[in-house]
Amino acid sequence: MIHYQMDGKVALVTGASGGIGRSAAQAFAGSGASVVVSDVQEEKGEETVKLITDEGGKAAFQLCDVSDEASVQALVDRAVSEYGRLDFAVNNAGINDIAKDEYELDVWQRSLDVNLTGVMLCMKAEAEAMLASGGGAIVNTSSINGLIGNPMQPAYNAGKHGVIGLTRHGALKWAKDGIRVNCVCPGFIETPMTDIITKSAKLTNSMKLITPMDRIGKPEEIASAMVWLCSDAASFVTGHPMVIDGGATAM
Ligand code: NAD
């Protein structure tokens, strides 16, 4: 993992109790940033904090449900009260329960509440804090489901398309204020979310078949892009949906 110069900077990551979010929190800390780790799962979030502090990094946990506006505001307030400012935010929390029928209205609504409204609530509160300290960078987590169709999951599919729309909106809204807004569009990545697939050799093979690189991605391969997008190396990049999918959408 490449390390950037982020000493004195402050990052927050939602959905950081495992998977891509945990890896992102570790990557920001590895580059010297102080990190507010947040999630609805407290115990695993504290594990992320320990992984960071055991390596000499700075991190604190804040319980946050991204679909709840007050909870999101408390998260941003915690970053500012704990570390004095907010420079980088990764809006990564998400749900994808493939066992549920997303045509059921309550399942549809919950998916959009977390995967889309959650990103909007986070961006709004984060941008306010970033404006107060002269700018920053936001990375949202979309998916290849934000770029192509998925016949099984209408809410996840629509929500992830929406995240790309929100990213472009934010990029334009804050372009002159020093806030860059980008998103990542991961392909199939090995995380707790995809456990149900990676535990089955048959399902894993079918995922590899739609991935030209013939393997499943690792969380750190998404985390490194998130940190790069926040770094000065990406200083002219905004509104970009970065595809990281082993070639899946190139087919
Ligand atoms: P994950 O399940 O390990 O991580 C998601 C995290 O979000 C969990 O820790 C969960 O507790 C948290 N979360 C759920 N609801 C929340 C809420 N209301 N408020 C705050 N936190 C909440 O899975 P992951 O694969 O690391 O997913 C991270 C992101 O990447 C998600 O947005 C997901 O949609 C996206 N993604 C994943 C893949 C993949 O193949 N794993 C592919 C494309 C996109």
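1. Starting with a charged pair: aspartate 97 has a relative accessible area of 35%, so it goes down as partly exposed. Keep in mind throughout that this is a predicted model. Lysine 100 is the salt-bridge partner of aspartate 97, with the closest N and O atoms 3.8 Å apart. The cut-off for a salt bridge is 4 Å, so you may want to look at that pair yourself. Lysine 100 is partly exposed too, because its relative accessibility comes out at 47%.

2. How many salt bridges does a search of the whole structure find? The count is 9. Another of them joins the side chains of arginine 85 and aspartate 87, at 2.7 Å from N to O. The burial of the two partners is worth a look. Arginine 85 has a relative accessible area of 28% and is therefore partly exposed, whereas aspartate 87 is down at 3%, so that one is buried.

3. One more salt bridge pairs glutamate 221 with arginine 215, and here the closest N and O atoms are 2.7 Å apart. Glutamate 221 is partly exposed because its relative accessible area is 28%. Arginine 215 gets that label as well, at 32% relative accessibility.

4. Now the backbone beside arginine 215. Aspartate 214 has a positive phi of about 60°, and it is not a glycine. Most residues other than glycine have a negative phi. Where does aspartate 214 sit? It is in the loop between α7 (201–209) and α8 (219–230).

5. On to α8 itself. With 12 residues at 1.5 Å a residue, the helix should span 16 Å, and the C-alpha atoms at its ends are 17 Å apart, so expectation and model agree. Its buried residues are Pro219, Ile222, Ala223, Ala225, Met226, Val227, Leu229 and Cys230. What do they pack against? The list is α1 (19–30), β4 (88–91), β5, β6 and β7. On helices in general, there are 3.6 residues a turn, so residues three or four places apart point the same way.

6. The same check on α5 (residues 154–173) works out as well. Its 20 residues should span 28 Å at 1.5 Å a residue, and the end C-alpha atoms are 28 Å apart, so the two agree. The buried set is Pro154, Ala155, Tyr156, Asn157, Gly159, Lys160, Val163, Ile164, Leu166, Thr167, Gly170 and Ala171. Note that Lys160 is among them. These buried residues pack against α4 (105–132), β5 (136–141), β6 (179–186) and β7 (241–244).

7. Strand β7 also holds valine 243. Is that residue buried or partly exposed? Valine 243 counts as partly exposed, because its relative accessibility is 37%. Together with Leu147 and Ile148, Val243 makes up a nonpolar patch on the surface, and the three have about 220 Å² of accessible area between them.

8. Cysteines next. How many disulfides does a search of the whole structure find? The answer is 0. A disulfide is a covalent bond between the sulfur atoms of two cysteines. For cysteine 185, the closest cysteine sulfur belongs to cysteine 183 and is 4.4 Å away, so the gap is too far for a bond. For cysteine 230, the closest cysteine sulfur is again in cysteine 183, but at 12 Å, which means no bond there either. Both residues are tucked away: cysteine 185 is buried because its relative accessible area is 0%, and cysteine 230 is buried because its value is 3%.

9. Threonine 191 is in the loop between β6 and α6 (195–198). At 11% relative accessibility, it counts as buried, the cut-off being under 20%. Setting aside neighbours within four places in sequence, threonine 191 contacts Gly19, Ile20 and Pro219. Pro219 is also one of the buried residues of α8.

10. Last, glutamate 42, which is in helix α2 (residues 42–54). With 44% relative accessibility, glutamate 42 is classed as partly exposed, so some of its surface is covered. Which residues does glutamate 42 contact, leaving aside neighbours within four places in sequence? They are Phe61 and Leu63. Measuring across to α5, glutamate 42 and tyrosine 156 are 114 residues apart in sequence and 24 Å apart in space, C-alpha to C-alpha.

How values were computed:
Residues numbered from 1 in each chain as written. Predicted model: local features only at pLDDT ≥ 70, side-chain atom pairs only at ≥ 80, totals over all residues. Heavy atoms only, no water. Helix = DSSP H or I, 4+ residues; strand = E, 2+ residues; numbered from the N terminus. Expected span 1.5 Å × (residues − 1). Buried < 20%, exposed > 50% of the residue type's maximum accessible area, 1.4 Å probe, protein only. Contact = heavy atoms within 4.5 Å. Patch = residues over 30% accessible without salt bridge, like charges linked within 9 Å, V, L, I, M, F, W, Y side chains within 5 Å. Areas by Shrake-Rupley, 256 points an atom, 1.4 Å probe, with all protein chains shown as cover. Disulfide = S-S within 2.5 Å.
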